[in-house]
Amino acid sequence: MNERIVIKVPGSTSNLGPGFDSIGLAVSRYLTLEVQRSTQWLFHSLTDELRDIPTGKDNLIFQVAQKVADIHEKELTPCYVDVTGEIPLARGLGSSAAAIVAGIELANVLCDLHLTNDEKLRFASLYEGHPDNVGASIYGGLIIGSHRQHETDIIAVHDFDVDIVVVIPGFELKTAEARSVLPSDFAFSKAVEASSISNVLISSLLTKNWTLAGKMMELDLFHQPYRSKLVPDIDEISSCARRYGAFGTALSGAGPTIICFAEKGKGANLQKSLQSSFSQHKIEFLSVDNQGSTVVQTSKEKEEVN
């Protein structure tokens, strides 16, 4: 078999403050697989970011692909997979979600399943536990999702276009640790208040009322008041970002990355200003990915002819 398969999955940010486990946004950092048939499974990292990933069947991408294949009673043929990772691990930019989606896409093409995006989303949400990061990686753009025991629903918005600057600390923050500091329950009145803030956030994003959106991001009650203590400098970074032109800031997912949103055209200056003030952190200028995961399948013969 002379097929060559390239799978490209965007990273993501989630929550955007109060949209806990339900709002996600695809960003321009990617996990890319270059897949060729082989005699055994082998995952080979082409980037330092992923140098310590498992190389065999204990790799998350394979485990997801195998589960999808099992559900559909199909067999996965062994492959050699070159993996390129631009998404920093355990930083709140959807690295595990991208790997889950990559595994689904891998099984989909190898087993000729013809899964719809909704089917991919349902499986990914069941595996991840929530639809925000995986939904963004599959559909691209801004997604608002609801994941329940028997159903997962999502709205994808592809005309949401802002500049994004991320402040990436040098340390990892595992999702399990970030979830361990959250309360186990909310008083009814506090839950209503938190939900109303999230609702206004969504409405302000869709109507491009950036000032109101930024305000709602910082009024979050669901997770940021508890997780912020795990991220040094977050208050100072958020304050400086707003002074330098950001309309809103939030923890990216569980953190520790802090994501800053600016109107189009203001991101480059925001990045430069933050880098000069916080040189101890990695500061990157990103954009919204509106395409979502892609799969390109070619043959070596065609590549050689062309």
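**Close-up views of a predicted model**

**View 1. Asn133 and its surroundings in helix α4.** The side chains of N133 and S14 form a polar contact at 3.3 Å. This view, like those that follow, is taken from a predicted model. N133 belongs to helix α4, and its relative accessible area of 8% places N133 among buried residues, because buried means under 20%. Apart from residues up to four places away in sequence, N133 touches S12, T13, S14, G94, A97 and E128. S14 thus appears in the list of residues touched by N133 and as the partner in the polar contact.

**View 2. The largest pocket and its lining.** The volume of the largest pocket is about 730 Å³. Its lining comprises 39 residues, and those nearest the centre of the pocket are L89, A90, G94, S95 and S96. By character, the lining residues are 17 nonpolar, 13 polar and 9 charged. At least two lining residues come from each of α1 (60-71), β4 (79-85), α2 (95-110), α4 (132-139) and α5 (175-180). The most is given by α2, which supplies 4 residues.

**View 3. Asp163 at strand β7.** D163 is part of strand β7, which covers residues 163-168. With a relative accessible area of 5%, D163 is buried. A polar atom of the D163 side chain lies 2.8 Å from the backbone nitrogen of G265. The backbone nitrogen of K266 likewise lies 3.2 Å from a polar atom of the D163 side chain. When neighbours within four places in sequence are set aside, the residues in contact with D163 are C260, F261, A262, E263, K264, G265, K266, G267, F285 and L286.

**View 4. The two sides of helix α7.** Helix α7 spans residues 210-218, and W210, A213, G214, M216 and M217 in this helix are buried. These residues lie on the same side of α7, because the arc they cover around the axis is only 165 degrees. In an α-helix there are 3.6 residues a turn, so residues three or four places apart point the same way. T211 and K215 are exposed on the other side of α7. The cover over the buried residues of α7 includes α6 (188-206), α8 (224-227), β8 (248-251) and β9 (258-262).

**View 5. Phe186 in the loop between α5 and α6.** The loop that holds F186 runs between α5 and α6. F186 has a relative accessibility of 25% and counts as partly exposed. Measured in sequence positions, F186 and F222 are 36 residues apart, while their C-alpha atoms are 8.9 Å apart in space. Residues up to four places away in sequence not being counted, F186 touches A191, A194, L221, F222 and Y226.

**View 6. Backbone features in two loops.** In the loop between β1 (3-14) and β2 (23-37) lies L16, which has a positive phi of about 50 degrees although L16 is not a glycine. L16 is buried, at 1% relative accessibility. D21 is also placed in the loop between β1 and β2. The phi of D21 is near 60 degrees, again a positive value in a residue other than glycine. In the loop between β8 and β9 lies P256. The peptide bond from G255 to P256 is cis, and its omega is near 5 degrees.

Notes: Residues are numbered from 1 along each chain as its sequence is written. This is a predicted model: local features need pLDDT of at least 70, side-chain atom pairs count only at pLDDT 80 or more; totals for chains, interfaces and linings use all residues. Side-chain values use heavy atoms; hydrogens and water are left out. On a 1 Å grid over the protein atoms alone, a cavity is a set of points where a 1.4 Å probe fits but cannot get out, and a pocket is an open set with protein on both sides within 12 Å along at least five of seven lines; lining residues have an atom within 4 Å of a point. Grid points are joined across faces, edges and corners, and a volume is the space filled by probe spheres set on the points. Ala, Val, Leu, Ile, Met, Phe, Trp, Tyr, Cys and Pro count as nonpolar, Asp, Glu, Lys and Arg as charged, and the others, Gly among them, as polar. Buried means under 20% relative accessible area, exposed over 50%, partly exposed in between (1.4 Å probe, protein chains only). A polar contact is a pair of N or O atoms within 3.5 Å; within protein, one must be able to donate a hydrogen and the other to accept it, and residues adjacent in sequence count only if both atoms are side-chain atoms. Contact means heavy atoms within 4.5 Å. The arc is that of the directions from the helix axis to the C-beta atoms.
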